[in-house]
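Good morning, everyone, and thank you for making time for this short presentation. Please have the sequence and the model open as I speak, so that you can find each residue for yourself.

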Amino acid sequence: MTQGCAAPEQTAHLPATVDLNNEAVIQGTVTRDGAPVSSAYARLLDSSGEFTAEVVTGEEGVFRFFAADGDWTVRVLAAGGVSVDTGVTAKTGEVAGLEVTI
């Protein structure tokens, strides 16, 4: 199943096809009052602030990007005009985990 920009469903578990030896993963969960927020938009911005990608959070409030090594910003947009930016560093072989509270 796909959502939003034809991205695969966002779940907490990495797909079996992901080889962390060759991938840098940015993954996070969006919560509000301790509960996961589905249907929020997570945007990936490069170090200059340019839009790179967007996914919609799944039922578990999870989003995931595969990115090049470096510094990124994840912007979460949710109902009610919520916009939260969080800086993150991606590195091949690692999952950079984020918890975004809105």
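I will begin with the chain as a whole, then turn to its salt bridges, and end with a patch on the surface.

Please keep in mind throughout that what we are looking at is a predicted model, and that the values I quote are computed from it. The chain has 10 strands and 0 helices, and if you read along the sequence, the pattern you meet is β-β-β-β-β-β-β-β-β-β. The chain has 102 residues, and 35% of them count as buried. When we consider the contacts in the chain with a separation of 6 or more, we find that 57% of them come from residues 24 or more positions apart. As for the outside, the accessible surface of the chain is about 5600 Å², and carbon and sulfur atoms account for 48% of that area.

Let me now move on to the charged side chains. How many salt bridges does the structure hold? There are 2 salt bridges, and I would like to go through them in turn.

In one of them, the side chains of Glu54 and Arg43 meet, with a distance of 2.5 Å from N to O. Because Glu54 belongs to strand 6, residues 51-56, and Arg43 to strand 5, residues 41-45, this pair ties together parts that are 11 residues apart in sequence. Glu54 has a relative accessible area of 16% and is buried, since buried means under 20%, whereas Arg43, with a relative accessible area of 30%, is partly exposed.

The other pair is Asp85 and Arg75, whose closest N and O atoms are 2.7 Å apart in their salt bridge. Here Asp85 lies in strand 9, residues 82-90, while Arg75 lies in strand 8, residues 70-78, and so the pair ties together parts that are 10 residues apart in sequence. Asp85 counts as partly exposed at 42% relative accessibility, and Arg75 also counts as partly exposed, at 27%.

Finally, let us turn to the surface patch. Which residues form a nonpolar patch there? They are Leu14, Phe66 and Val95, which together have about 230 Å² of accessible area. If you want to locate one of these residues, Leu14 sits in the loop between strand 2, residues 7-8, and strand 3, residues 24-32. With a relative accessible area of 32%, Leu14 is partly exposed.

Conventions
Residues numbered from 1 in each chain as written. Predicted model: local features only at pLDDT ≥ 70, side-chain atom pairs only at ≥ 80, totals over all residues. Heavy atoms only, no water. Patch = residues over 30% accessible without salt bridge, like charges linked within 9 Å, V, L, I, M, F, W, Y side chains within 5 Å. Areas by Shrake-Rupley, 256 points an atom, 1.4 Å probe, with all protein chains shown as cover. Salt bridge = Lys/Arg side-chain N within 4 Å of Asp/Glu carboxyl O. Helix = DSSP H or I, 4+ residues; strand = E, 2+ residues; numbered from the N terminus. Buried < 20%, exposed > 50% of the residue type's maximum accessible area, 1.4 Å probe, protein only. Contact = heavy atoms within 4.5 Å.
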